Amino acid sequence: MNKLLLLLPSLASADLIQDSYKEQFYQLSKANFEIITAFLVIFIIAALVYIFSLANNSARKGAHTAIVQVGDIIKKVHSKITTKDIDLLRILDSYLSILHQKAGNSGNKIYFNFNHNYPRHVKAMQNKLCVLFYTLAEFVIEHTKNSHIFIGARIKKSSNEKSVRYEFYIKSDCPIPQLEKGDIKNTLEKHSKTIKIIHKGKKELKNYVFFEFYKLKTAKLVADILGTKINFSSWQKHNFLSFELEFELSDKPYEVKNRYSHFSGLNTIILEDDICGFYQIASKLKQFKLNIQPKMDLELAKEHLFNPIFSPKFIFINTRVLRNFTAKEINQIKQKQAKYGFLIILISDSVAFDHYNGSFENYVLLKHPINIDTLLAAMNTTPPPRLLK
């Protein structure tokens, strides 16, 4: 009996040691399981990324495998068709900030043109119009790099006095060799395939379009719904995509609001080193009858800016150009602004220059593509007060 009692502590110790080993084994197994699980997750993610990159590269190279079924596109664009009264300029403006981001990511600069005096209140299928116009714009952005892209609308001859006909266009100064001249139908036929498949024991023909032409195909289908066609032309290195639509004028009376008569004859300086950017701002300001001094000459513009004789009311400065100004020049601008009370409007034509972290306290920042209403609202911002002499 005494021997048994003596054995009990040693047995208890053995049990504790065994439990300790079990616990260590459990912890080790748990750690190994977590490590293995983490490796599996990483492997699966890496495999998916690799597969996606292969598919994406294949599509971008004009792959032999078409991956988007035309029937799927048709389902998306054939939603309920409704016509309603709209402000044409306002609905076109709703997507401009997104285009600014998309264009900047590929090194493009994008500009928007719409004359302030054009009739704006029309009856239209708003969603379809936006899909058509901006899908085309995105297609051009995705197929060009480091290009100037101009989007907008201009008036064409309409069929009667109660309607207005617009030509919507997307123009770039970088060639898109994949496009066939004329109606884009030829391009889509060249970059699509008809494939035989067996479905429920029956052979069917289904049309597929290459992924890189998915947006062009979508635009084509929406154009068909709206009763128009997309035309493509090119000269030298320029591309021009366009379509025309005629709208019934809305019952809402249209008036050119007299919000800019007080700008007539005021001196304005544009500090811009890109000729396209300069004329984009200058052409809009001419609608407000401002006096733009000087013409496209950055150094001469600086001289006018710092010359005490010239008294501007508006200073437009590209944010990219502004980064090259010296601290002395910045202080000179601030001192002159305090003295004369002019308004500084900074213009960004790329996402890389969207943020200004300088020392100006009174300024407005705009980003291309700029709607003329947005420009007008910025110019009507109350300028900083002038210091009393």
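**Exercise 1. Find which residues of α11 are exposed and which are buried, and work out how they are arranged around the axis.**

Step 1. Begin with the exposed side: A327, K328 and Q335 of α11 are exposed, where exposed means over 50% relative accessible area, buried means under 20%, and partly exposed lies in between (1.4 Å probe, protein chains only). Helices here are DSSP runs of H or I with at least four residues, strands are runs of E with at least two, and both are numbered from the N terminus.

Step 2. Now collect the buried set, which in α11 consists of E329, I330, I333, K336, Q337 and Y340. These residues cover an arc of only 130° around the axis, so they sit on the same side of α11. The arc is taken from the directions that run from the helix axis to the C-beta atoms.

Step 3. Check the helix itself. With 14 residues (327–340), α11 reaches 20 Å from its first C-alpha to its last, close to the 20 Å expected at 1.5 Å a residue; the expected span is 1.5 Å times one less than the number of residues.

Step 4. Look at what the buried side meets. The buried residues of α11 pack against α9 (298–306), β14, α10 (319–322) and β15 (343–348), with contact meaning heavy atoms within 4.5 Å. Just after the helix, G341 takes a positive phi of about 70°.

A note on the model before going on: it is predicted, so local features need pLDDT of at least 70 and side-chain atom pairs count only at pLDDT 80 or more, while totals for chains, interfaces and linings use all residues. Residues are numbered from 1 along each chain as its sequence is written, and side-chain values use heavy atoms, with hydrogens and water left out.

**Exercise 2. Lay out the open sheet that contains β14, and identify its edges.**

Step 1. Write down the strand order: this open sheet of five strands runs β13-β12-β14-β15-β16, with parallel pairing. Two strands pair if DSSP finds at least two bridges between them.

Step 2. Mark the edges. β13 (291–292) and β16 (363–367) each have a single partner strand, so one side of each is left without a neighbour in the sheet.

Step 3. Zoom in on one pair. β14 and β15 are joined in the parallel sense over five bridges, and F316 stands opposite I345 in β15.

**Exercise 3. Describe the surroundings of L271 and N318.**

Step 1. Place L271 in strand β12 (residues 267–271). Its relative accessible area is 0%, so L271 is buried.

Step 2. List the neighbours. Leaving aside residues within four places in sequence, the contacts of L271 include L298, A301, K302, L305, I315 and N318. The C-alpha atoms of L271 and A301 are separated by 6.3 Å, although the two residues are 30 residues apart along the chain.

Step 3. Turn to N318, found in strand β14 (residues 314–318). N318 counts as buried because its relative accessibility is 2%.

Step 4. Add its partners. Not counting residues up to four places away in sequence, N318 touches L271, E272, I347 and D349. A polar atom of the N318 side chain also lies 2.7 Å from the backbone nitrogen of R320.

**Exercise 4. Trace the pairings of β5.**

Step 1. On one side, five bridges join β5 (residues 148–156) to β3 (residues 109–113), and these strands run parallel. The bridge partner of Y111 in β5 is F150.

Step 2. β5 also pairs with β6 (residues 163–172) through eight bridges, running antiparallel. Here K156 stands opposite R165 in β6.

Step 3. Close the loop: β5 and β6 form a hairpin with six residues between them.

**Exercise 5. Characterise L136, then step back to the whole chain.**

Step 1. L136 lies in helix α5 (residues 126–142) and counts as buried because its relative accessibility is 0%.

Step 2. Beyond its neighbours within four places in sequence, L136 is in contact with I170, L216, A219, I230, L241 and F243.

Step 3. Finish with the totals. The chain has twelve helices and 16 strands, and buried residues make up 42% of its 389 residues.

Methods: A polar contact is a pair of N or O atoms within 3.5 Å; within protein, one must be able to donate a hydrogen and the other to accept it, and residues adjacent in sequence count only if both atoms are side-chain atoms.
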